[in-house]
Amino acid sequence: MIDVDALRHRIDEALTAAMEELDARLIDYGASLTPVAESMRAFVAGGKRIRPLLLQLGFRAAGAEDETQVMGPALALELLHTCALVHDDVIDKAETRRGRPSLHSDFAAAHRRMSWRGDPEAYGEAVAILVGDLALVYSDDLFLRARVDTDRLVAGFKHFTQLREEVMAGQYLDLHHATSGAGSRSDALTVATLKSGRYSVSRPLEVGAVLASADDTFIDGLRAFGDPLGRAFQVRDDLLGLFGDEATTGKSTSSDLREGKRTLIIAEALARLDDESRTALERGLGKPDLSDTTADELKALLRASGAKAAAESYVRESVTEANLALSRLAIDEPVRQALSGFVDLLSYRTA
């Protein structure tokens with residue numbers, strides 16, 4: 001049996017040590033960088049470590065055992081996730097993250113407290129972009145600490161690069177669809193695959209397996225499991241973004257509507273609503289000053305149209321697909337059980 005909680009704890013300990021080292025290097029450039037280091041360390045302290053854990057499980061699935069060999073790449077995924085979240089908050093103009101002020105909001109508030117020159121919001125966003133970039137640089141540093149032979153390291157890094165390419169492409173498509181008003185069911189699922197299916201599940205598993213010298217057939221089997229699970233993860237996230245408990249998720253359930261996100265739920269609603277209701281939904285999507293009352297009315301439309309139920313059905317269908325693919329993987333039973341636990345964790349979570 002693999003104790004996933006114990007593995008998560010070891011990842012946390014390794015990440016804390018790595019951040020102390022990297023941030024000390026950063027502060028050596030100048031004491032004014034101390035708030036940047038402190039903010040990054042606080043940001044990294046949160047999170048479920050889903051991607052590092054899956055990389056480790058991909059490594060184990062391919063027959064390797066010494067987790068310390070790939071701790072660097074596992075931590076690299078967490079730093080990449082930090083980059084993605086910090087930049088995402090700037091793009092979405094999000095005020096909070098994990099129940100706390102978003103990083104750009106925090107630095108804007110510091111600017112106002114100090115009565116510095118210039119625009120506080122512009123300063124906060126600029127700092128957040130730089131912090132995200134720095135996290136991306138750190139991720140490369142950590143990945144290259146893998147203790148595997150050079151051929152495996154290069155192969156793993158290529159998959160890591162593909163992961164980053166896909167998530168940035170998915171992020172752009174998400175932004176483009178929200179801005180342009182495009183957003184078919186196919187569009188929504190493409191974004192779900194790139195932003196989450198591959199980024200959160202398939203590629204972390206693949207990177208771990210490649211670092212353990214897995215062949216292409218085995219990688220294909222992991223992807224057959226990871227892609228549907230990752231899409232289920234993203235659609236569940238979209239459901240929580242609209243219908244979740246704000247106290248649990250730490251996020252407003254009106255924000256996705258204000259940002260105009262063209263999720264699977266929205267695509268399903270637009271395909272089902274009558275002309276009047278469709279117009280009302282389109283009018284509210286992407287409206288920054290959308291009131292909570294109007295947002296609640298739009299969410300009622302999503303329920304009444306069957307869009308919410310359709311999205312929940314898609315999650316269940318994707319879970320079935322992922323479980324079938326998992327049953328076909330030639331892996332040790334402890335790894336299978338650990339991956340099975342992730343199916344429930346990612347698909348039916350409440351936060």
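The paragraphs below walk through a predicted model, helix by helix and then loop by loop.

A good place to begin is helix α9, which runs over residues 216-243 and therefore has 28 residues, for which a rise of 1.5 Å a residue predicts a span of 40 Å; the C-alpha atoms at the two ends are indeed 40 Å apart, in agreement with that expectation. Because 22 of those 28 residues are buried, α9 is largely enclosed by the rest of the structure. At the N-terminal end of α9 the cap is supplied by Asp215, one of whose side-chain oxygens lies 3.3 Å from the backbone nitrogen of Thr217.

Phe218 also belongs to helix α9, and its relative accessibility of 15% places Phe218 among the buried residues, since the cut-off for that class is under 20%. Setting aside residues up to four places away in sequence, Phe218 touches Ala61, Ala62 and Ala209, and in addition Leu329, Ala330 and Ile331. Between Phe218 and Asn323, which are 105 residues apart in sequence, the C-alpha to C-alpha distance is 16 Å.

The next element to consider is the pairing of helix α8 (residues 185-211) with helix α12 (residues 264-272), whose axes are 8 Å apart and meet at an angle of about 175°. An angle over 145 degrees counts as roughly antiparallel, and therefore α8 and α12 are assigned to that class. On the α8 side the contact involves Arg185, Ala188 and Leu189, and these meet Leu264, Ala267 and Glu268 of α12. By residue type, the contact of α8 with α12 consists of four nonpolar residues and two charged ones, with no polar residue.

Within α12 itself sits Ile265, which counts as buried at a relative accessibility of 0%. The C-alpha atoms of Ile265 and Ala188 are 8.8 Å apart in space, although 77 residues separate the two in sequence. Apart from neighbours within four places in sequence, Ile265 is in contact with Asp238, Leu239 and Leu242, and further with Leu302, Ala307, Lys308 and Ala311.

Leading into α12 is the loop that follows α11 (255-259), and this loop holds Arg262. What surrounds the side chain of this arginine, and is Arg262 buried or exposed? Its relative accessibility is 8%, so Arg262 counts as buried. Its side chain makes a polar contact of 2.8 Å with the side chain of Glu282, while a polar atom of the Arg262 side chain also lies 3.4 Å from the backbone oxygen of Gly181. Beyond residues up to four places away in sequence, the residues touched by Arg262 are His177, Ala178, Gly181, Ala182, Gly183, Ala188, Leu270, Glu282 and Leu285. Arg262 and Thr179 illustrate a pairing across the chain, being 83 residues apart in sequence and 9.3 Å apart in space from C-alpha to C-alpha.

Turning to earlier parts of the chain, helix α1 (residues 4-27) contains Ala14. Once neighbours within four places in sequence are left aside, Ala14 is in contact with Met71 and Leu75. Ala14 and Ala74 lie 60 residues apart in sequence, with 9.8 Å between their C-alpha atoms.

Helix α4 covers residues 71-92 and includes Asp89, an acidic residue that is nevertheless buried, with a relative accessible area of 3%. Not counting residues up to four places away in sequence, Asp89 touches Ala94, Thr96, Arg97, Ser102 and His104.

Two loop residues deserve a closer look for their backbone geometry. Most residues other than glycine have a negative phi. Lys93, in the loop between α4 and β1 (96-97), has instead a positive phi near 55° without being a glycine, and at 56% relative accessibility Lys93 counts as exposed. Ser115, which lies in the loop between α5 (103-114) and α6 (120-143), likewise has a positive phi of about 55° although it is not a glycine. With a relative accessibility of 62%, Ser115 also counts as exposed.

How values were computed: Residues are numbered from 1 along each chain as its sequence is written. This is a predicted model: local features need pLDDT of at least 70, side-chain atom pairs count only at pLDDT 80 or more; totals for chains, interfaces and linings use all residues. Side-chain values use heavy atoms; hydrogens and water are left out. Helices (H or I, at least four residues) and strands (E, at least two) are DSSP runs, numbered from the N terminus. The expected span of a helix is 1.5 Å times one less than its number of residues. Buried means under 20% relative accessible area, exposed over 50%, partly exposed in between (1.4 Å probe, protein chains only). A polar contact is a pair of N or O atoms within 3.5 Å; within protein, one must be able to donate a hydrogen and the other to accept it, and residues adjacent in sequence count only if both atoms are side-chain atoms. Axes are lines fitted to C-alpha atoms, for helices over the stretch in contact, and angles run from 0 to 180 degrees between N-to-C directions. Angles under 35 degrees count as roughly parallel, over 145 as roughly antiparallel, 65 to 115 as roughly perpendicular and the rest as oblique. Contact means heavy atoms within 4.5 Å. Ala, Val, Leu, Ile, Met, Phe, Trp, Tyr, Cys and Pro count as nonpolar, Asp, Glu, Lys and Arg as charged, and the others, Gly among them, as polar.
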